[in-house]
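Visitor: Please pick one part of this model and look at it closely. I would like an account of its empty spaces and of what borders them.

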Amino acid sequence: TPMETSDTEEMEISSDNDKALDSTIDSGQQRAAAAAGTAERTLRWQFSQVKGTAWEAVNEQDIISCVEFNHTGELLATGDKGGRVVVFQRSDSGLYNVYSTFTSHEPEFDYLKSLEIEEKINKIRWLPGHYRANFLLSTNDKTVKLWRVSEKDRALEAVEPDPNANAQALRLPRYVPAELIVEAAPRRIFANAHTYHINSISVNSDQETFLSADDLRVNLWHLGITDQSYNIVDIKPNNMEDLTEVITAAEFHPSHCHLFLYSSSKGSIRMCDMRQRALCDQHVGIFEEADDPSSRSFFSEIISSVSDIKFSHSGRYILSRDYLQLKVWDLNMATKPVEVYPVHEHFRRNLCALYENDSIFDKFECCWSGDDRLVLTGSYNNLWRVFDRQSGGADVTLEASREGVAPGSDLKPRRVVLSAAAKAAAAQSGAGQHAELLTADSLDLQKKILHLACHPKHNCVALAATNNLYLVVSPHN
């Protein structure tokens with residue numbers, strides 16, 4: 001009958017809908033399981049190698065102050081407080097060996113201002129290499145230098161003069177094969193342009209210009225001109241008593257040569273377009289969160305100060321680091337970050353103690369992985385954090401340490417809890433099986449990962465821990 005036929009059709013449709021729903025649930029579960037599996041792989045890291053000494057007593061001059069991979073990841077450069085630059089080269093086995101060591105800066109004295117200029121290397125930035133030669137910029141507080149690091153495997157043949165030889169027997173000098181040596185030579189010195197301490201340098205995507213930023217100004221340089229630069233940002237007030245913020249970092253866009261960012265001690269990030277104005281006093285965008293008056297305290301401005309900013313490799317996002325958090329900003333939404341990752345939230349209750357011992361003023365760096373999936377930053381006790389953006393913010397805390405690790409061994413995750421009671425409770429719940437539990441009060445504030453860098457192509461991270469350089473890799477490449 002027609003009614004029986006209708007009931008049969010409804011049952012078939014219902015059955016089809018159930019099957020479709022089951023299929024959707026199954027595919028969703030499969031995607032979730034696949035994402036969880038990928039997150040587990042991306043958050044699994046192995047110890048690769050460590051460079052430096054294991055001595056307890058550390059020479060102040062040997063403390064690493066910056067780390068940077070070149071564009072291919074084949075070279076890795078570190079700078080220290082003694083003004084030295086050490087370049088490592090990646091071997092076929094994937095390990096990095098010392099390639100070149102040279103003194104980039106030496107201590108100076110400004111007699112006009114009776115000011116001593118430290119030799120500490122603040123930043124290193126690589127330029128694209130040419131045939132058998134690589135170029136990098138290094139800076140201390142006042143002077144930027146362009147270095148050429150090149151190989152030589154030929155030497156001029158020594159010719160002994162023969163006074164009795166005639167003109168036909170004249171021998172011209174020639175180059176002959178010799179032992180390979182690597183030498184570093186300064187090609188340009190960019191000086192006398194900054195009144196305050198340089199905190200950032202960034203090479204433009206046009207590969208012809210770069211910027212240098214100090215506390216109050218950003219200058220634009222041409223790589224071929226050393227005696228003049230162009231001031232593109234100046235926030236110095238006429239009366240220094242009216243000064244309310246300083247510049248903390250600056251960086252060019254990875255592909256648009258007219259765009260650059262600079263961050264401030266008030267927690268804001270400004271984007272400027274050099275096509276609009278010669279002096280970029282007016283920004284084209286400002287990335288900052290609205291201030292919540294109810295949560296303000298004496299420390300609010302200090303912990304909101306941006307210590308580092310990085311464009312993603314795609315140029316779509318900005319990664320910023322303040323004292324307690326990592327934030328990811330979308331260039332199309334300046335009102336609030338699209339992602340916020342707490343780094344060491346357990347210190348929020350101890351801000352007074354951190355202020356008294358000056359730890360609250362530590363400047364932590366951050367970086368993107370080569371595929372922009374992971375964001376990384378450092379913390380205290382030689383801990384460092386990895387956050388997986390594609391897995392709902394899944395994260396892992398790891399420690400840079402020599403103890404109990406061998407090349408190729410997995411790093412055991414760490415978990416920081418507020419107190420000994422919380423540690424005991426977590427241990428009883430079985431949380432200690434997957435991660436080693438640490439209390440916030442037991443963390444060593446003198447051991448800290450301030451500087452780190454990610455390989456541009458592989459999941460390899462270089463971590464500077466005092467005078468040691470740790471290299472760790474992820475099996476998920």
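Guide: The element names used here follow one rule: helices are DSSP runs of H or I with at least four residues, strands are runs of E with at least two, and the numbering starts at the N terminus. The model is predicted.

Start with the largest pocket, which holds about 1300 Å³ of space. Its lining comprises 47 residues, and those nearest the centre are K120, F361, K363, L450 and H451. Sorted by class, the lining has 17 charged, 15 polar and 15 nonpolar residues. Four elements each supply at least two lining residues: the strands β2 (64–69), β16 (247–252) and β30 (449–454), and the helix α2 (300–304). The element that gives the most is β16, with 3 residues.

The second largest pocket has about 880 Å³ of space. It is lined by 32 residues, with E68, H71, R125, E251 and H313 nearest its centre. Here the classes are 17 nonpolar, 9 polar and 6 charged. Strands β2, β16 and β30 each supply at least two residues to this lining, and so do β8 (123–130), β12, β20 (308–311) and β24 (366–368).

Two of these strands can be followed further. Strand β8 runs antiparallel to β9 (residues 133–139), joined to it by 6 bridges. Together they form a hairpin with 2 residues between the strands, and R132 in the turn has a positive phi of about 60°. H130 has A133 of β9 as its bridge partner. Strand β12, for its part, belongs to an open sheet of 4 strands in the order β12-β13-β14-β15, paired antiparallel. At the edges are β12 (200–203) and β15 (230–234), each of which pairs on one side only. Neighbouring strands in this sheet are turned by 20° against each other on average, with direction ignored. Strand β14 (residues 217–222) makes 4 antiparallel bridges with β15, and R217 stands opposite D234 of β15.

Now for the enclosed spaces. The structure has 2 cavities of 30 Å³ or more. The largest is about 40 Å³, lined by K123, R125, S200, A249, A250, E251, D308, I309 and K310. The elements giving two or more residues to that lining are β8, β16 and β20. By class, its residues are 5 charged, 3 nonpolar and 1 polar. Two names recur: R125 and E251 line this cavity, and they are also among the residues nearest the centre of the second largest pocket.

The second largest cavity, at about 30 Å³, is bordered by W45, S369, G370, L374, L376, C454, H455, H458, N459, C460 and V461. Strands β25 (374–378) and β31 (460–465) are the elements that give it two or more residues. Its lining has 6 nonpolar and 5 polar residues, and no charged ones.

Cysteines C454 and C460 are in that list, which raises the matter of disulfides. With a cut-off of 2.5 Å between cysteine sulfur atoms, the count is 0 disulfides. C272 is a case to check: its closest cysteine sulfur, in C280, is 4.9 Å away, so the separation is too far for a bond. C272 is buried, at a relative accessible area of 0%. C454 also counts as buried, with 13% relative accessibility.

Conventions:
Residues are numbered from 1 along each chain as its sequence is written. This is a predicted model: local features need pLDDT of at least 70, side-chain atom pairs count only at pLDDT 80 or more; totals for chains, interfaces and linings use all residues. Side-chain values use heavy atoms; hydrogens and water are left out. Two strands pair if DSSP finds at least two bridges between them. Axes are lines fitted to C-alpha atoms, for helices over the stretch in contact, and angles run from 0 to 180 degrees between N-to-C directions. Buried means under 20% relative accessible area, exposed over 50%, partly exposed in between (1.4 Å probe, protein chains only). On a 1 Å grid over the protein atoms alone, a cavity is a set of points where a 1.4 Å probe fits but cannot get out, and a pocket is an open set with protein on both sides within 12 Å along at least five of seven lines; lining residues have an atom within 4 Å of a point. Grid points are joined across faces, edges and corners, and a volume is the space filled by probe spheres set on the points. Ala, Val, Leu, Ile, Met, Phe, Trp, Tyr, Cys and Pro count as nonpolar, Asp, Glu, Lys and Arg as charged, and the others, Gly among them, as polar.
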